Amino acid sequence: MVDGDVDERSAPREVPRTYAVLFVSFLKMGLLGFGGVMPWARRVLVDERRWMTEREFVELLGMCQILPGPNVVNMSVILGARWMGVAGALLALTGILFVPVVVVLMMAASYATVAQSELARNAIAAASAAAAGLILGTALRLLRGARPPPHGLVVGAAVFVAVAIVHAPLLWVLAVAVPAAIALEWRASR
Amino acid sequence: MTAPPDVLLEIAWRFGSLSLLAVGGINALLPEFHRVVVDLKGWMTSAEFADLFALAQLAPGPNAMVVSLLGWKVAGIAGAFVATIAACGPSSLLCYFAMSRWERMQSSRPRAVIQRALAPIAIGLVLASGFTLARAADRSVAALALTVAATLAIGFTRVNPVWVLALAALVGISGLA
């Protein structure tokens with residue numbers, strides 16, 4: 001496979017052709033999404049299926065973050081509906097949310113015993129450290145794919161500092177960052 | 001396990017009334033869910049709540065599934081599905097109607113500007129969540145090394161993340177991290 005440095009805006013765009021392919025793709029994101037579904041959503045939608053470009057993905061993720069509800073759940077509703085209407089939205093939602101719920105309920109029954117085992121605890125701790133890297137690495141990919149202009153980099157960095165370092169409430173961060181980002185982008189695009 | 005209908009109804013309206021406030025996802029509302037299920041209703045202890053949260057992080061699927069587990073704890077399988085649908089249903093419906101209007105709009109300048117403006121915010125938030133998880137997970141130098149290695153592998157190669165996670169779990173089992 002080619003590396004991500006080709007100009008992905010010119011990459012060919014595909015669309016899901018059958019309900020089955022749509023469902024299986026969202027199911028994959030849901031069932032492999034250990035430590036967060038978003039890295040898997042990016043991988044499946046952008047790299048594997050080529051249903052979106054890197055830039056489209058990050059712009060849609062931004063919309064999903066300011067709408068209420070879990071980001072990836074919102075994303076599955078929007079994409080399912082965009083490609084295949086209400087049935088598509090329900091199929092995507094089932095794959096990414098309801099099937100994993102059944103899995104987590106099965107896990108919950110045995111969780112207490114597994115959590116006692118030191119071996120399992122060590123494996124989980126190490127995998128959690130790697131899962132954090134999965135999200136950080138995905139952020140790097142999004143950054144390279146979206147190539148924000150300088151004022152965008154400032155906004156992104158400010159949001160990061162406010163949320164991760166200052167621990168400001170997200171709603172307040174968004175209430176300031178969203179209008180500011182739109183104003184800056186509006187000026188820059190004139 | 002069969003749950004009395006009034007408990008299911010109560011889960012439905014308590015969780016459902018929070019759905020449209022979940023800007024930034026369910027995790028942004030965890031203190032509120034804690035207040036309802038532990039302090040207000042006494043459906044579980046604070047320690048049980050924390051265990052369910054940890055399990056939701058650990059399990060495959062969206063981290064929002066913590067609400068499914070809360071529902072399960074209160075009212076079994078039916079509770080899990082009622083809680084999931086109540087917490088995600090209203091926000092999903094809003095998303096569906098808002099975005100189908102949005103996507104029907106002609107590709108106007110305001111639409112393009114707003115989408116471009118939100119992209120760096122999205123990236124900043126993803127970075128922040130990765131950073132927060134790393135701070136919680138990296139309690140040793142070896143764990144930090146795993147985070148850095150995974151970041152580089154995912155950021156700069158096309159390696160399948162399954163192998164990255166599996167390798168890290170093996171390192172953990174071997175006692176190195």
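**Two helical chains in contact**

User: What makes chain B differ from a compact globule of 177 residues?

Analyst: Its radius of gyration. A compact globule of 177 residues would come out near 16 Å. Chain B has 20 Å in this predicted model. The C-alpha atoms of chain B fill a box of roughly 55 × 50 × 25 Å along the principal axes.

User: What makes up chain B, helices or strands?

Analyst: Helices. Chain B has seven of them and zero strands. From the N terminus on, the order is α-α-α-α-α-α-α.

User: And which elements are found in chain A?

Analyst: Chain A has seven helices and zero strands. Along the sequence, the pattern reads α-α-α-α-α-α-α. The box filled by the C-alpha atoms of chain A is roughly 60 × 45 × 35 Å, again along the principal axes.

User: Which domains does the assignment give chain A?

Analyst: Domain 1 covers 8–147, and domain 2 covers 149–190. The C-alpha centres of these two domains of chain A lie 24 Å apart.

User: How many residues does each chain bring to the contact?

Analyst: Chain A brings 86 residues and chain B brings 82. Seven helices of chain A give two or more residues each to the side that touches chain B: H1 (19–32), H2 (38–48), H3 (54–66), H4 (71–116), H5 (118–146), H6 (150–165) and H7 (170–188). H5(A) gives the most, with 24 residues.

User: What makes up the side of chain A that touches chain B, by class?

Analyst: The count is 65 nonpolar, 16 polar and five charged residues. Gly goes into the polar class, because the grouping places it there.

User: How do H5(A) and H6(B) pack?

Analyst: H6(B) spans residues 141–156 of chain B. The angle between H5(A) and H6(B) is about 35 degrees, and their axes are 7 Å apart. H5(A) passes H6(B) in a right-handed crossing.

User: Why is the crossing of H5(A) and H6(B) called right-handed?

Analyst: The near helix is turned clockwise from the far one, so the crossing of H5(A) with H6(B) takes that name.

User: Which residues of H5(A) and H6(B) meet?

Analyst: From H5(A), they include A:Ala125, A:Ala129, A:Gly133, A:Leu136 and A:Arg141. From H6(B), they include B:Leu146, B:Val148, B:Leu152, B:Ile154 and B:Gly155. To count as a contact, C-beta atoms must lie within 7 Å. By class, this helix contact has 16 nonpolar, six polar and one charged residues.

User: How confident is the predictor in chain B?

Analyst: Chain B averages a pLDDT of 91, and 98% of the residues score at least 70. Confidence in chain B is lowest in H3(B), residues 46–58, at a mean of 85. It is highest in H6(B), at 96.

User: What is the mean pLDDT of chain A?

Analyst: The mean is 90, and 94% of the residues of chain A reach 70 or more. Among the elements of chain A, H5(A) has the lowest mean pLDDT, 91, and H1(A) the highest, 96.

User: Where in chain A is the pLDDT below 50?

Analyst: Over residues 1–8. Beyond near neighbours in sequence, this stretch has six contacts in the model. Where pLDDT is low, the predicted coordinates should not be read in detail.

User: What ipTM and pTM does the predictor give the complex?

Analyst: An ipTM of 0.88 and a pTM of 0.88.

Definitions and conventions
Residues numbered from 1 in each chain as written. Chains lettered and ligands numbered in written order. Predicted model: local features only at pLDDT ≥ 70, side-chain atom pairs only at ≥ 80, totals over all residues. Contact = placed C-beta atoms within 7 Å. Helix = DSSP H or I, 4+ residues; strand = E, 2+ residues; numbered from the N terminus. Domains from an automatic or database assignment. Axes fitted to C-alpha atoms, helices over the stretch in contact; angles between N-to-C directions. pLDDT = per-residue confidence, 0-100. Rg over C-alpha atoms; globule rule 2.2 N^0.38 Å.
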